[in-house]
Amino acid sequence: MAPRADDLPESSLPGLNKCPTYRKQTLKTADVWIEGKRVDDNTEGLWRVHDGLYDFSQWIHKHPGGSDWLEITKGTDITEAFETHHVAKTAEYLLKQFFVRNAVGPRYSPYTFDENGFYRTLKRKARPILAKLPPGPSKQSRFCADFLLVSFLLLSTIAAATSNFKLGILAGIILNFTVVSAHNFFHMKDNLRMYYFDLSFMPSRDWRISHALSHHLYTNTLLDLELAVFEPLLQWVPYCTKSVIVRYASWIYSFIIYAVFFQLHVFLKLFLISKGKAKIFSRRQDLIPYIPLLVMYTYSGASFIDTFIMWCWVVCISSFFFALNGFNAAHHHPEIFHDGDAPRTDDRDWGLGQIDTVRDRIEIDNSRFLVLVAFGNHCLHHMFPTLDHWNLHHFYPVFYETCKEFGVTYKTTTIFDLLKGQFLQLARTSSNPNPPKKHKE
């Protein structure tokens, strides 16, 4: 049963003048989110960029980033995705070829992209740096992802052969690193390593919606699916209908959710199949999560039951560390903006909106390897999601220069502070009345 209208939170952000359609559904999946966005954006079956409607139908299979991005977003406003996925000017020059007509009505979005605003200024400064970097993912990121995959398969097979559950813990941690490193690749154009993410039972195609198109573009707003997917069990939005159990028992049961986070996607798929909304192995990628089980059984010499038990153990360990890292990586703390808090009023620039909703962890950002496997350099990753994590550090000088130019102080914090802050945010029921402000030095 869908939530009642009076149970739905109201956005505090200008532009989101009604509750997103997907939030009216009990089950909030990636496909539910994108279908709801089609309703809310009302683009007449075309693609909207700023105040124009465009028809990319003939370009879908020519798109350099792969057909997924355009096929998935047909019938929606892709302004945020267009701006953040194209740092160079090439796409802007090509855009006029596909223009159909002007859009009617304002965008269903809280953000702006003024030519002299924060984000477009940052992009202009970033282009000369980007031009000096090799295109595509770095060889270091490719090597790390491949090395982690091989290490995971080797260790999990040895763990099954020896029934060594301690070794299974190490294999699970490395699987977590493998999956997070694959997150670097599914933001880019179609490539083999993006499918390492599917080892987690979480389809990379769905995460391109829930993470790349929802969370990245509308961070901590009601349009952020990652805020809503576990409601009412985990409620980060500070509106006042949280029960005492949700506010405080979540500090304990959230760890259980972490341990079964991957497996929940299996049960979700089975539920959708039972409702006729999905098919078994509807895509070849659906077989990927079972490859490690096949490898372990084939080469360990253990019985299938023993192998299956070890495989489940490894997946649980990986799930726990992935969710622990993901939920506490950058976005949840009482000092970080969440929809319901007073928004920045002086400037609705998209880049400033990202700064208001992100904190980097100083321990992670000192290592490029940790940046790759632990969602590091997180603010820059949100600014330039398609750039390889290994190269993000090159853009810090122009980022800080742009922050200074616009009178913005970007704050960092520690792993422990974000971990503690995430639980304080779950317990918070009052909105922050003080909007983010510019901080002149």
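Which side chains meet in a salt bridge with an N to O distance of 3.1 Å? In this predicted model, the pair consists of Lys-89 and Glu-92, whose side chains meet at that separation. Both partners fall into the intermediate class of accessibility, Lys-89 being partly exposed at 26% relative accessibility and Glu-92 being partly exposed at 23%.

This pair belongs to a wider set of charged contacts, for a search of the whole structure finds 24 salt bridges. One of them joins the side chains of Arg-205 and Asp-31, with 2.8 Å from N to O. That salt bridge links distant parts of the chain, since Arg-205 belongs to helix H8 (residues 204-215) and Asp-31 to helix H1 (residues 30-41), with 174 residues separating the two. Asp-31 has a relative accessible area of 38% and is partly exposed. A further salt bridge is formed by Lys-125 with Glu-405, where the closest N and O atoms lie 2.6 Å apart. Here too distant parts of the chain are linked, with Lys-125 placed in helix H5 (residues 118-132) and Glu-405 in helix H16 (residues 396-405), 280 residues apart. The acidic partner, Glu-405, is partly exposed, with a relative accessibility of 47%. In addition to these pairs, Glu-83, Glu-115, Arg-120, Lys-123 and Arg-124 are joined into one network by salt bridges that share partners.

The packing of helix H10 against helix H12 was examined next. The axes of H10 (residues 244-274) and H12 (residues 304-327) come within 7 Å of each other and cross at roughly 115 degrees, and the crossing of H10 past H12 is right-handed. On the H10 side, the contact is made by Phe-255, Tyr-258, Ala-259, Val-260, Phe-261, Phe-262 and Gln-263. These residues meet Val-315, Cys-316, Ser-318, Ser-319, Phe-320, Phe-322, Ala-323, Leu-324 and Phe-327 of H12. By residue class, the contact of H10 with H12 comprises 13 nonpolar and three polar residues, with no charged residue taking part. Elsewhere in helix H10 lies Tyr-248, a residue that is partly exposed at 37% relative accessibility. Between the C-alpha atoms of Tyr-248 and Gly-45 there are 44 Å in space, while the two residues are 203 residues apart in sequence.

The loop between helix H9 (225-228) and H10 contains Lys-242. With a relative accessibility of 9%, Lys-242 counts as buried, because this value falls under the limit of 20%. When neighbours within four places in sequence are left aside, Lys-242 is in contact with Gln-235, Trp-236, Val-237 and Arg-247, and also with Gln-425, Leu-426, Arg-428 and Thr-429. For one of these partners, Arg-428, the C-alpha atom is separated from that of Lys-242 by 8.7 Å, although the two residues are 186 residues apart along the chain. Pro-232 is likewise found in the loop between H9 and H10, and the peptide bond that joins Glu-231 and Pro-232 is cis, with an omega of about 5 degrees.

The strands considered here form an open sheet of three, in the order E1-E2-E3, with antiparallel pairing. Strand E1 (47-49) and strand E3 (99-102) are the edge strands, each pairing on one side only, and from one strand to the next the twist averages 35 degrees. Strand E2 (residues 52-54) pairs with E3 in the antiparallel sense over three bridges, and Tyr-54 has Phe-99 in E3 as its bridge partner.

Backbone geometry draws attention to two asparagines in loops. Asn-42 is not a glycine, yet has a positive phi of about 50 degrees, and its place is in the loop between H1 and E1. Asn-377, also a residue other than glycine, has a positive phi near 45 degrees, and is placed in the loop between helix H14 (368-373) and helix H15 (378-383). The accessibilities of these residues fall into opposite classes: Asn-42 counts as exposed because its 56% relative accessibility is over the 50% limit, whereas Asn-377 counts as buried because its 3% is under 20%.

Key. Residues are numbered from 1 along each chain as its sequence is written. This is a predicted model: local features need pLDDT of at least 70, side-chain atom pairs count only at pLDDT 80 or more; totals for chains, interfaces and linings use all residues. Side-chain values use heavy atoms; hydrogens and water are left out. A salt bridge is a side-chain nitrogen of Lys or Arg within 4 Å of a carboxyl oxygen of Asp or Glu. Helices (H or I, at least four residues) and strands (E, at least two) are DSSP runs, numbered from the N terminus. Buried means under 20% relative accessible area, exposed over 50%, partly exposed in between (1.4 Å probe, protein chains only). Axes are lines fitted to C-alpha atoms, for helices over the stretch in contact, and angles run from 0 to 180 degrees between N-to-C directions. A crossing is left-handed if the near helix is turned anticlockwise from the far one by less than a right angle, and right-handed if clockwise. Contact means heavy atoms within 4.5 Å. Ala, Val, Leu, Ile, Met, Phe, Trp, Tyr, Cys and Pro count as nonpolar, Asp, Glu, Lys and Arg as charged, and the others, Gly among them, as polar. Two strands pair if DSSP finds at least two bridges between them.
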